[in-house]
Structure formats: C-alpha cells, structure tokens
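Pull the model up in your viewer and keep the sequence handy. Let's take a walk through it, from the core outwards to a few odd backbone spots.

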Amino acid sequence: MAARMNTLSLLNPSHVSLRPRDYRFSHRPLRFYTSPNPNRGALFCTCSTTNGESFVLTTPLYYVNAPPHMGSAYTTIAADAIARFQRLLGKKVIFITGTDEHGEKIAAAAMAQGSIPLDHCNLISQAYKTLWKDLDISYDKFIRTTDSKHEAIVKEFYSRVLAKGDIYQADYEGLYCVNCEEYKDEKELLENNCCPVHLKPCDSRKEENYFFALSKYQKSLEEALNKNPNFVQPSFRLNEVQSWVKGGLRDFSISRASVDWGIPIPNDRSQTIYVWFDALLGYISALSDEQEQPDLLNAVSSGWPAALHLIGKDILRFHAVYWPAMLMSAGLSLPKMVFGHGFLTKDGMKMGKSLGNTLEPNELVHRFGTDAVRYFFLREVEFGSDGDYSEERFINIVNAHLANTIGNLLNRTLGLLKKNCQSTLVVDSTTAAEGNEFKDNVEKLVDKARMHYENLSLSSACEAVLEIGNVGNFYMDERAPWSLFKQGGTASEAAAKDLVIILETARIIAIALLPVTPSLSWRIYEQLGYSRDQFDAATWVSFFFHTDASTTHHQHLMGDTKWGGLKGGQVMAQPKPVFARIENQTEDVDKGVAVGKTMKSKGKKMKQAQQVAGA
C-alpha cells in the first residue's frame, strides 16, 4: 500500500533470526525467576503494568509491484523499535505489517515478469517476510490482502457503508496515475499532466464507478481534527491535512471497471474494489483470529482502534482523510494517531535506478549487520523528517557509537574484572554506588530516554542512551581502576567497586537500547552472565513482589532500567567484543591514482566481523 506512491519514501513503506519463543508473543506472561545470586534466596514475580488494553501499531501494507526497498525497511524498523519499547512497558502489543496485493499495477508487474498475479504476489510477499526476519522485526500479524479472511471483511465493510447510504454509482472522467492508483486533480499536476510524484503523464479515463460520499464527512472530519490535534503527527503535518479538508472534500471512486485483479464488488461482480478502499481494511482484518470465521466486529473487538499508524508523508491524505471518513461511515472508531515520515536521499541526492544510487536493505544488512542498520537509521534520521544516507557517515557513526562508546566500554571493563577479580562482582551494584552521584546521573538519562521513546523521538532516545555510555567512559577514564588495582589495599577495593558501577551502566544501556538494537543488547546481557530467559523477561518498568523467610510481601514499582540489577558474586562471561568495528574504505594514493580497499576484498575478515556483529 505504501510503495504505490513513491519508492523513495522512507515511510512507504533489507543477520539475526527471529526467536519465536518470546518475540512472537507480545504480552509477557507471568514469570518467576530467582536472583542470579544464589545466596539471595529471593523470588520475584514480574507482572504487567497494563490494564489489558492492546497497543496496536501498524506499518503500511507494502505494495508488491517490486521487492522491498530501504524506505520500506526504515518504517518497519521504526515500528519495531516502538513495539519493543511498549512491550518493555508491559503492554500487550499487536504489531501489524503486511502486503497490499491488488490493483492494476500488480497485474502489469506480473505480466512483465511472465507470471500470473498471485504467483508474483507470493514471491514479493515472501521477500518482505525474509527481510523482516533479517532485520529482527518482531511483528505479531502479517496480513496479505489476498487472504480470504481479508476479502470477507472488506466485503462486509463495503456492505455496511453501502447500507449507510454512502456508496452510489456514477460516471467518472478524469486523469489517472497508474503508479499512484489514484485519479488526480488537474491543479496538482505538473506540465503535460504529469504526476508530481512519479513524473509520468496521467491517463485520461472515463468509466462508470461506485463512489464513496466523502463530502458528507467534511464537517465531521474538521471537528475530529480540531478536537484531537494529536491525531496527525508530526504537528506540522496536521496543517497540511486541515488545509485539504478546508479546501473542500470531493467524493472519490472506490471501484474499477477495467481492473480484474482485485476483490469483486459484492453487489456487482463486473467491478473490483479500489485498492485503497481494500488495503486500508488490512489494519482491521489482521486482527481476525486465524481459527474464527472472519467477521468485522470480532476483528474490531480484538484490538481496534489502532494506537498508531506509521506511514509515508505521500500517503497522508489516504490515512488522515479518506480512512477516517470510511470508519465514520461504518460506525467504527478512528485510530488514535497517524504519523507521517519523510523521504530518504543518498549522499544528498534523490535515489533512482537511472542514477545508479539505489540503497538495497538486503545488501546493507549482509555487509554491516542488523544492529548497525537499525541503529544508524533510527539515530541519524530525525523521526518525521527527511533523512540522508552516506556510507562514510554510516560507518563513522556505527563505529563511534556501538563499537567504541558502548562495545569498548564493556570489553575493557570485563577485561579488568577478569584480570583482577576472576570475572566475579565483589558487591551489589547498589552497594557499589552508595553516595556516588554517578548513579543519579545515569537514572536521569534513562528517564530522558524513556520520555523520548514515548514521544516517538527515536533519534533523541538513541542520543540519551549514548550519553549514558559517554558518562560511563568518562567515569572509567577519571577513576582509572587499572592504576588503583596496582596500588592494592583500599585503592584496589575501590577499583573493584568501580568495575561493578561500569558494568551496571552497561547493563542499563542494554535494556535502554533494546528497542533499537535487540541483538546487541542480548550480547551485552549474555556477557554480564545472564540467561536468555532473564533477558527476554526484562522490562523497563514492572511491579515486583519480594518475599523471603523474614519479611512479608512488598510491592515496588521498578524495572530493569533501574539501578541495582547486578549482584555481588555474579560471574561475568569471558570478555569478547560485542560489536566489531567496520573497516572503512581506505584510499592509497600511488602515482596519483586512488586505489579503494573495498568491503568485498576483505573476504574472510569481513565475514568474521559480521558474525561478531550479529549479522
């Protein structure tokens, strides 16, 4: 659905495998586990802080006219980070993605490949699933608009709107962009009636279609936007939507007489349902349980309304104008927020095959690893604005932040712990930090990161977590525990405590960065001596109940981003790099000729680096 408009969009919506155990079930069950310290004897119960309401978020349903591109990947990575953060808060998350598979352009793409539409759709839809696996995307629902349950719900929704009196039949004549799957107003076209998105002339068409009475909802939409200014985000996009609505809404065609590849109109099999009127319903049909008879109200009761639609800014009109009016007509609740992203450029230029500067997500993942790709695009692209990719900046940012600031901090601390303390913590991290303002500084930065995650300021959240790493490195350099150990006595004892403080900082970084780099976060936790179960049970904030032989139950609101997770006696794993530096392309000047040392020439060395990086 997203890619039908602009394949350069970051938001229209390419090695770590999903671990089906915990990632596929977004609501964390009741868990009991003991402290890593066998002497503690405490039993913990981690319980969700949510009231049971689902947090439903969606990517666009990606149009299968072509394989997934970096724009598709960016939106889905962002959605995954938001989903993982909400799960850390204990919420029951339903993360929906999928593919939009009907329409004239799909039939044409299949024909061009010498294939039939369904086979083409199967191939491209699987390409999306494979890419999401490689990018560690923890989606809960993957809907295809060719699914039978989707077709049943679309037909039921259509009949519901028809019964409301909001669908009628009429002749239509206008200029049609096949790539956008949309009739265009002449005033928005360029010279020679070219589509401003695809820069191709629109076709002049005339046919009898079914129309949705969008104009009937003019006042209702204006009131909805005025009452809920947060409905469209970022806020500057709300002005754009309000301008469209105030400019006057026109009824739009919701069927095609000339398109066979689509869902037939229930009361007229000579026409098929317009792809947007079809695909938008995927957000609801995805909520249908696989075992139940497809039913609109049952699907709605399973989580609707969505808390968040993530989309590209070029499909904002469909999601912020057409979709709300359709839902009003059917008597269903509106989504709580529509967030429109910007576009992606490469080295400051728009991407295109003709320019030879396309950005393939599969290539990026296989060269640099999943964590690197996820981190760079979420850290370097301000969420909601346009963003640019350059390989040099990609490598510099990833090396500086993940390999140096975070990875090296952990590695050198564990090395000192192994050399001087047999890889064993001498005290609890709470005891080690008593009277030390460093702990308070870390917790303030954690709170800052949480605020940014909640506000969908993903770049700022990454920055706050990186700052935790910066203060950790500064503390390490200032305290110089390697020198204190040489002095022995109380100095050595202080140094041992310092190592506990630094490792506790690394532990907190792992959880705070988990929404962005889940694989790297797990490798950090594993180095700190935790099991996979303990990592998967981690929360940002939860209710904890503690009991032992001498005390009654106590309830505390805390979580794994709070200081105090590491315990005295806990044994760390043997130190090894959790993130390998990416070797930059170097140039040797010999007789005035620049010779590039490419990633491909690294061979085995690069392969080993990718394995360490979780590629």
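What follows goes through the nonpolar core, two helix pairs, a neighbourhood around one leucine, and some unusual backbone geometry.

Before anything else, keep in mind that this is a predicted model. With that said, the core is a good place to begin. The largest nonpolar core has 173 residues. If you want to find the hubs, look for Trp132, Phe157, Ile284, Phe377 and Phe394, which have the most contacts inside this core. Helix H19, running over residues 489–512, gives the most to the core, with 14 residues. The core also draws at least three residues from each of domain 1 (32–359) and domain 2 (372–380 + 389–539 + 561–615).

Pick Phe394 from those hubs and look around it. Setting aside neighbours within four places in sequence, Phe394 is in contact with Phe368, Ala372, Val373, Phe376, Tyr389 and Ile582. There is also a second, separate core of six residues, including Leu175, Cys180, Leu189 and Cys195.

Phe368, one of those partners of Phe394, leads us to helix H12, residues 361–368. The buried residues of H12 are Pro361, Leu364, Val365, Arg367 and Phe368, so an arginine is on that list too. Just after H12 comes Gly369, with a positive phi near 95 degrees.

Now for the helix pairs. Two packed helices are described by the angle between their axes and the distance between the axes. Take H2 (residues 70–88) and H13 (residues 370–380): they pack at an angle of about 90 degrees, with axes 10 Å apart. That angle is why H2 counts as roughly perpendicular to H13. On the H2 side the contact is made by Met70, Tyr74, Ile77, Ala78, Asp80, Ala81 and Arg84, and on the H13 side by Val373, Arg374, Phe377 and Leu378. Phe377 is worth a second look, as it is also among the core residues with the most contacts. Sorted by class, the residues of this H2 and H13 contact come out as eight nonpolar, no polar and three charged. As for the spacing you may notice along a helix, an α-helix has 3.6 residues a turn, so residues three or four places apart point the same way.

The other pair is H6 (residues 218–227) and H11 (residues 316–330). Their axes come within 10 Å and cross at roughly 110 degrees. The range for roughly perpendicular is 65 to 115 degrees, so H6 and H11 fall into that class. Here Ser220, Leu221 and Ala224 of H6 meet Val321, Pro324, Ala325 and Met328 of H11. The tally for this contact is six nonpolar, one polar and no charged residues.

Next, zoom in on Leu416, which is in helix H14 (residues 391–421). Is Leu416 buried or exposed? With a relative accessible area of 13%, Leu416 is buried. Leaving out residues up to four places away in sequence, Leu416 touches Cys421, Met476, Pro481, Trp482 and Leu499. One of these, Trp482, is 66 residues from Leu416 along the chain, yet their C-alpha atoms are separated by 7.1 Å.

Trp482 has another partner to show you. Asp477, which is in helix H17 (residues 458–479), is in contact with Arg412 and Trp482, again leaving aside neighbours within four places in sequence. Asp477 has 45% relative accessibility, so it counts as partly exposed. A little further on, Ala480 is in the loop between H17 and helix H18 (481–487). Ala480 has a positive phi of about 45 degrees, although it is not a glycine. At 15% relative accessible area, Ala480 is buried.

That brings us to the backbone oddities. Most residues other than glycine have a negative phi, and most peptide bonds are trans. Besides Ala480, have a look at Asp136, whose phi is positive, near 60 degrees. Asp136 is in the loop between helix H4 (117–134) and strand E5 (141–144), and with 1% relative accessible area it is buried.

Where should you look for cis peptide bonds? One joins Gln233 and Pro234, with omega about -10 degrees; Pro234 is in the loop between strand E9 (232–233) and helix H7 (235–246). Another runs from Trp304 to Pro305, with omega near 10 degrees, and Pro305 is in the loop between helix H10 (296–301) and strand E14 (308–312).

Notes
Residues numbered from 1 in each chain as written. Predicted model: local features only at pLDDT ≥ 70, side-chain atom pairs only at ≥ 80, totals over all residues. Heavy atoms only, no water. Axes fitted to C-alpha atoms, helices over the stretch in contact; angles between N-to-C directions. Helix = DSSP H or I, 4+ residues; strand = E, 2+ residues; numbered from the N terminus. Parallel < 35°, antiparallel > 145°, perpendicular 65-115°, else oblique. Contact = heavy atoms within 4.5 Å. Nonpolar A, V, L, I, M, F, W, Y, C, P; charged D, E, K, R; others polar. Core = buried A, V, L, I, M, F, W, Y, C linked by side-chain atoms within 4.5 Å. Buried < 20%, exposed > 50% of the residue type's maximum accessible area, 1.4 Å probe, protein only. Domains from an automatic or database assignment.
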